[in-house]
Amino acid sequence: MSRTAMAGTLTVLLVEDDPGDALMIEEALLDRDGGHTLCRAADGMEALEWLRAHPRPDLVILDLNMPRMDGRELLSAMKADERWRTIPVVVLTTSAAPDDVRRSYDLHANAFVTKPVELESFLAAVRGIDEFFLRLVTLPRG
């Protein structure tokens, strides 16, 4: 699990098993004028451990397909626990399968974004998540 600290008060938990995708997401979030702390877990089990040991994050960016505990299982566990139920969760995954989209929303994901293949589109998608969830909307605290 890595942790990249930035000036500011918003904490993002990135749950992503692919190091390359994690690096691109981190770069897209950190190349802006910040205000975020970015923490990373490589799978759902690691994310649950992180959630239990740290103050709640302001946003979770979640991949679906991971080893040990996948994103669907983590999303289900988070939304079943009153401590984490109101944390916004954005599913960011390679899947565009209608069943994955429906299941994610059934499990109360706040958004579902398919990872674009092209680098600039990928970075733009992550910046869009940042713009909306970390700069525009009012997030629940505590």
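## Helix packing and nonpolar cores

Helix H2 (residues 44-53) packs against helix H3 (residues 71-80) at an angle of about 25°, and their axes lie 9 Å apart. This is a predicted model. Angles under 35 degrees count as roughly parallel, so H2 and H3 are roughly parallel to each other. Their crossing is right-handed.

Which residues meet where H2 and H3 touch? From H2 come Gly-44, Ala-47, Leu-48 and Leu-51. From H3 come Leu-74, Ala-77 and Met-78. By type, the residues of this contact are six nonpolar, one polar and no charged.

Next, the cores. In soluble globular proteins, nonpolar side chains tend to be buried together. The largest nonpolar core here has 23 residues. Leu-13, Val-15, Leu-51, Val-60, Leu-62, Leu-74 and Met-78 touch the most other members. The elements below each give two or more residues to this core.

| Element | Residues |
|---|---|
| Strand S2 | 10-15 |
| Strand S3 | 36-41 |
| Helix H2 | 44-53 |
| Strand S4 | 59-62 |
| Helix H3 | 71-80 |
| Strand S5 | 89-93 |

H2 gives the most to this core, with four residues.

Leu-62 shows how one core member is surrounded. Leaving aside neighbours within four places in sequence, Leu-62 is in contact with Val-15, Gly-71, Leu-74 and Leu-75. Its contacts also include Val-89, Val-90, Val-91 and Leu-92.

A second core of 22 residues is separate. Among its members are Leu-29, Ala-111, Ala-125 and Val-126.

Note on methods: Residues numbered from 1 in each chain as written. Predicted model: local features only at pLDDT ≥ 70, side-chain atom pairs only at ≥ 80, totals over all residues. Heavy atoms only, no water. Axes fitted to C-alpha atoms, helices over the stretch in contact; angles between N-to-C directions. Parallel < 35°, antiparallel > 145°, perpendicular 65-115°, else oblique. Left-handed = near helix turned anticlockwise from the far one by under 90°. Contact = heavy atoms within 4.5 Å. Nonpolar A, V, L, I, M, F, W, Y, C, P; charged D, E, K, R; others polar. Core = buried A, V, L, I, M, F, W, Y, C linked by side-chain atoms within 4.5 Å. Buried < 20%, exposed > 50% of the residue type's maximum accessible area, 1.4 Å probe, protein only.
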